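Trainee: I would like to go through the reasoning behind the terms used for this model. Could we take them one at a time?

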Amino acid sequence: MKKEKTTESGKSRKNLRYFFAAIVTVTFGLTMWMCTHSAANSYSADSRCAAAGQLDSLFSTIFTSDDEPGGYALVIKNDTVVYRYVRGIADLATKEPINENTRFNLASASKIFAAAAFLKLAERGLISLDDSLSFYFPEFSDNFFKQITVRDILTHSSGLPDLRPHKTSEWSNYLKENASVFANSEDYRLYGTEAEHIKCFKSIKDLEYKPGTHYSRNDAAFVLVAPLVERITGMSFDVWVRDNIFRPASVENVCYINPGTPVPATAHAYRRVDPAAALRTAFKSSDGKWEEYDYGEAPFFITKADRGAYMTPAEFVRWKHAYYGGKVICDSSFNALFYPYIPTEHSDVSFGLGCAIYHPEGQPVCEYHLDSNGGFTCIEGSYPSESLHYVVFSNRNDWDFYHITYEVRRLLTSAGLLD
């Protein structure tokens, strides 16, 4: 395997070993706890209280009621939980509230596990990030597939267009070249897994751009990750990542949706009812304001490596503790994550392996994700040099995750938590 590049951000890994040291055993207290708890940290209790009040004000604007879908926010500095905000209902049908055991869909944050999987396989000599896509998918016979590498998939720079059928006319064209278990495009979009979605790649005639030169946020090639892992390992994606990516981190309760298999303690996701676009068959809240919008209602929901993982906030932080601490992949592999491989439309944002890298001049580097999937919305970020991590998981999609990410960063900075 080609030796991956390292950066100063990657060198900060040792600093993060103590960052997550207490996360496995800590009991998350109320927000007020952080204002009264005394700890020998370089930041003051006053700065933590200032951050709490400002973040409370911010989150109360998007999680507006105890009786509506809501969210879970968490900020950790060094080995201390400095902020926690929990509000809302996980399941409007049962009125189950959101709590520390509630699983949320991670949307694009699921991709960090895909990156870890490929790096683990590379460590074992089973794959190289420089291998071409055609080596693992010989059914993709056009020569341009030989130009696309595994790394291009992880960095959203494959150049492959998204030819999955969205409209009736596109579905008709799809069926001319592909057999399908689905009767119509709506079923395909709601219930199709990677095994069905990869068929559309056979119809691609050309690339949108040269692989590895541009970034595409909605790069369809990421749906190839789970099938690729399965072809290399001979195991189902779920089982392999459970044994090799989650179990080394002592995380057992992560899950992916499998049709017909119930997932316990999982929040349902919701969107506000639009009378002009309401789903006839979706569950609606008793007040008529919310309708369920996740598996079975939202399109392209169960492509696993792309956006299919479910975890609690605490489990996600526990996994990152192990990830940054060397329990999932080795240091040289971990360092490769932080190289800014592909620039984006924003001068201070690049794409690493399965994650975005925010690197503003004169400010600390942040590895992060922000996205929505159906009614789920997720933002999360880690500042390696500052030993700080924030996460906001939500089961409603009516808030601006770009704006909230900006505000979280700004408030953490103004409170002195990001030096």
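The dialogue below concerns a predicted model and sets computed values against the criteria for each term.

Trainee: Why is Cys-355 called buried?

Mentor: Buried means under 20% relative accessible area. Cys-355 has a relative accessible area of 2%, so the residue is buried.

Trainee: How do you know that Cys-355 is in no disulfide?

Mentor: A disulfide requires two cysteine sulfur atoms within 2.5 Å. By this rule the count comes to zero disulfides. For Cys-355, the nearest cysteine sulfur is that of Cys-366, 9.6 Å away. The distance of 9.6 Å is set against a limit of 2.5 Å, and therefore the pair does not qualify.

Trainee: Why does Cys-255 count as buried?

Mentor: Its relative accessibility is 14%, so Cys-255 counts as buried under the 20% cut-off.

Trainee: What makes β5 and β6 edge strands?

Mentor: The strands form an open sheet of three, in the order β5-β9-β6, with antiparallel pairing. Both β5 (104-105) and β6 (255-256) pair on one side only.

Trainee: How do you know that β5 pairs with β9?

Mentor: Pairing needs at least two bridges. Two bridges join β5 to β9 (residues 309-311), so the criterion is met. The strands run antiparallel, and Phe-104 has Met-311 of β9 as its bridge partner.

Trainee: What makes the contact between Asn-373 and Asn-105 a polar contact?

Mentor: The two side chains come to 3.1 Å, and the limit for such a pair of N or O atoms is 3.5 Å. Asn-373 is found in strand β13. The residue is also called buried because its relative accessible area is 2%.

Trainee: Why is strand β15 described as mostly covered?

Mentor: In β15 (residues 388-394), seven of its seven residues are buried. Both faces are covered: Leu-388, Tyr-390, Val-392 and Ser-394 lie on one side, with His-389, Val-391 and Phe-393 on the other.

Trainee: Which strands pair with β15, and how do you know?

Mentor: Seven bridges join β1 (residues 71-77) to β15 in an antiparallel arrangement, with Val-391 as the partner of Leu-74. β14 (residues 376-383) also pairs with β15 in the antiparallel sense, over seven bridges, and here Gly-381 is partnered by Tyr-390. Against a requirement of at least two bridges, each case therefore counts as a pairing. β14 and β15 form a hairpin with four residues between them, and Ser-387 in the turn has a positive phi of about 50°.

Trainee: How do you know that the span of α16 is close to the expected one?

Mentor: Helix α16 (residues 401-414) has 14 residues and reaches 20 Å from its first C-alpha to its last, while 20 Å is expected at 1.5 Å a residue. At its N-terminal end, Asp-400 acts as a cap, with a side-chain oxygen 3.0 Å from the backbone nitrogen of Tyr-402. Just after the helix, Gly-416 takes a positive phi of about 85°.

Trainee: What makes α16 notable in the lining of the largest pocket?

Mentor: That pocket holds about 660 Å³ of space. Among its 32 lining residues, the closest to the centre are Val-349, Tyr-358, Tyr-368, Leu-370 and Arg-409. Two or more residues come from each of β11 (349-351), β12 (356-358), β13 (366-373) and α16. α16 gives the most, with six residues. Arg-409 also belongs to the buried residues of α16.

Definitions and conventions: Residues are numbered from 1 along each chain as its sequence is written. This is a predicted model: local features need pLDDT of at least 70, side-chain atom pairs count only at pLDDT 80 or more; totals for chains, interfaces and linings use all residues. Side-chain values use heavy atoms; hydrogens and water are left out. Buried means under 20% relative accessible area, exposed over 50%, partly exposed in between (1.4 Å probe, protein chains only). The expected span of a helix is 1.5 Å times one less than its number of residues. A polar contact is a pair of N or O atoms within 3.5 Å; within protein, one must be able to donate a hydrogen and the other to accept it, and residues adjacent in sequence count only if both atoms are side-chain atoms. On a 1 Å grid over the protein atoms alone, a cavity is a set of points where a 1.4 Å probe fits but cannot get out, and a pocket is an open set with protein on both sides within 12 Å along at least five of seven lines; lining residues have an atom within 4 Å of a point. Grid points are joined across faces, edges and corners, and a volume is the space filled by probe spheres set on the points.
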